[in-house]
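Reader: Could you take me through one strand of this model in some detail, and then show me how its surroundings fit together? I would like the cut-offs behind each term as you go.

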Amino acid sequence: MAAMSGELHWIPAEGGYQLALDGAKLICRNAAGKRLRSVPKAVKDGQAAEDLRALRDHLARHAATCLATVESWMLGALPVPAAVIAQVWPDPAWREPLSGLVVTQHPEGAPGLLEDVDDQGRPTVARRDGESVPLAPGPVLIPHPVLLGDLGGLRAFAAGRGAGQRVPQLDREVYHRGDGPIDYAGGRFAELRHATTRAARFGFQVRGGFAVCRVADGGRPLQARYWLGADAPDAEAYTGGLHWVDGHERTVDAGSLGPVAWSEGVRMAELIYAGRSTGVA
Amino acid sequence: MREHDDLLDAGLAPLGTPDGEPIAARRYRHPHLGERPVIRLAGQTTGEAEDRALAFLGFGAPEVSAPLTTGRVHALGYPAWTLAHDPANARQALAAVTGMQRAARIARTRPGVAAETYAELAAELPRAHLPSFWEEAGRAFIAAAGPGPAAVMFGLAREAETTYALPVDEDARRAVFLEFAFAGALPVKAIAAYAAELETRYEPGRAYAELRELAVRRTLGGLPPWAELPKQVRRLAKAAGLDVRAEDERLVATLLSVPSTRTARLPFWKEYRDALAAQPPELLREVFPTAEGVDEWWLGLLEETGALDGLPAAWLTRQAAHLKRGYGTRGSAVLLRTVPRVAARLAAEGSPCGWKAAATRGASTSSTPTCWTPAWPPACPSPIPRPTPGSGCSAG
């Protein structure tokens, strides 16, 4: 949460001390303005500290929501009006996941990297020819990397501009059908919660015993599901298979899946399976 | 052409889309954050509740942009429910927001105090608000990883409906039930209470239909059918004067088509034995239930229904892999009986398979007969395990 513009805003606390948030950390200075190595207990238990912690926790939740929303725009192939991007841009919780993303305005259009909003309130992108151009009013698409041509060229271009991505797009793990067999069943976790926590850490919802990833492929809403288990959180668990369901939660034949649904499902299973307990049960 | 449904759900449909409300950017500032704004995308219905929630944290009133898109009207949650269903009493609901925030904040560290705070707030609210209010309290406990109190709050919501004979939107209520169930916050006991409530609220036919729908949706969502499901559903079917046997078979056929049914516990399978036996053998062969202790019982059922006659070699390989899953399953006497019966045919077809492993894994020396056809299969393909030394069967 480097979302505080780097500046510290000191607020008065008990006993003449002052408190501020440095990222997610509560910091304290005394009346003379000297930074203390730790927050005195009386101050830490006081109302000012409690207020700051509540604010910090809310900002963290807000930032997580913004990040998940931007990722869902990419995975759902959702057209986002340029005006929405321009309006949310001043908030770092939105700006950080958005900036550096490859966007297009037409499925066949030239991709560019989102970099700023100009003084007329238009989002601007850096094009591969080095030019910085404003987006036209209207929908903006954040393509899934599996749909981007010349991924290598785009990566090099982004790296050359020093543009990182908070929502992994150019460096996202991409899987193609036929890369090999997919078998993520039987992954052992000493405790179910190790698996569910790991899923949540990578941004996957855990619903009814499955890690779930929502995508759209060719306009069709789909869900990839990877079975983690629905027993007690501290019970030993073995993962089940990976499968996909449609908007009515009916299983979809893997042979009919488009490239995005395939790639995202396998990515989810791969990320979670990699954290299984090894060693003797 | 993309359906507007998706876009409405995502709050990104074009302005003027029917069945939605305009979404705007609300820009909030906070004295401790300097120039940094916090921006939320919200409709009018949730926007006002959002303002209250942020005011509790010290944010000022927002600067609201012109409408940008159209999104679904979110009547989910409290106080949003009131703004959609009882706008005349919205003020009371919004007045509760600060207290709800305070309670949610301590739901993890001091759940008892949080629950008391919710109870104090509830005492001040119109009765019709209580189900939605308690559900929202339950959500706070779900977010705080407290499934126990969340289930209690869910129960209080249902209790308010019964006590004050409030009208119920069954689709909305089922959605909340599933939301709590998928979050792991509803014990099986709560399902029994829910089933009992359906029975008192509706005439028997409706009560049965509602419980069946709930069971199917819960399974579609990924939770295995609970152990008492057969008895509970059957009781309501009987009360409704339906052909219980036929209803059993119909429900079992539906559930077997859903992957999570595989993980149901043993009592579920045993209770539905007759209905299962009536299903087509090809369907049964594809189930591979995973419950602890189910394997031999299940193979017995397959044998009895003839599902093991004429089975393909590949199935034995899959069954072998299935028995190998992580619960230390024993070898299978049923498979030991079956393999000699089908071996000649499979050998004639020249199909390689892992039948030896399936039949002998973990079986003790005394219960394992000698190998039937030492020349077949020529080799067991990986990853089928070789019989362990001492299993009485030399590896091919």
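Author: Happily! Seven of the eight residues of β13(A) are buried, so this strand is largely enclosed by the rest of the structure. A residue counts as buried if 20 or more other C-beta atoms lie within 10 Å of its own, as exposed if 12 or fewer do, and as partly exposed in between, with C-beta atoms placed from the backbone. Strands (E, at least two residues) and helices (H or I, at least four) are DSSP runs, numbered from the N terminus. This is a predicted model, in which local features need pLDDT of at least 70 and side-chain atom pairs count only at pLDDT 80 or more, while totals for chains, interfaces and linings use all residues. Residues are numbered from 1 along each chain as its sequence is written, and chains are lettered from A and ligands numbered from 1 in the order in which they are written.

Now to the partners of β13(A). Eight bridges tie β12(A) to β13(A), and the two run antiparallel; strands pair if DSSP finds at least two bridges between them. Within this pairing, A:Val215 has A:Leu222 of β13(A) as its bridge partner. The hairpin of β12(A) and β13(A) has two residues between the strands, and A:Gly218 takes a positive phi near 55 degrees there. β13(A) is also joined to β15(A), by five bridges, again in an antiparallel arrangement. Here A:Arg225 stands opposite A:His243 of β15(A).

Stepping outwards, β15 (residues 242-246) of chain A is linked to β16(A) by two bridges, and these strands run antiparallel. A:Val245 faces A:Thr251 in β16(A). Put together, five strands of chain A form an open sheet with antiparallel pairing, in the order β11-β12-β13-β15-β16. Its edge strands are β11 (205-207) and β16 (251-252) of chain A, each of which pairs on one side only. As background, side chains in a regular strand alternate between the two faces of the sheet.

The strand we started from also has a part in the meeting of the two chains. That contact takes 41 residues from chain A and 33 residues from chain B, where two residues are in contact if their C-beta atoms, placed from the backbone, lie within 7 Å. On the side of chain A that touches chain B, at least two residues each come from α2 (47-75), β4 (80-81), α3 (82-88), α4 (92-98), β12 (210-217) and β13 (220-227) of chain A. The largest share, seven residues, is supplied by α2(A). By type, this side of chain A divides into 21 nonpolar, 13 polar and seven charged residues; Ala, Val, Leu, Ile, Met, Phe, Trp, Tyr, Cys and Pro count as nonpolar, Asp, Glu, Lys and Arg as charged, and the others, Gly among them, as polar.

How far does the predictor trust all this? The complex is given an ipTM of 0.91 and a pTM of 0.80. For chain B, the partner across the contact, the average pLDDT is 83, and 86% of the residues score at least 70; pLDDT is the predictor's confidence in each residue, from 0 to 100. Over residues 357-396 of chain B the pLDDT is below 50, and this stretch has 70 contacts in the model beyond near neighbours in sequence.
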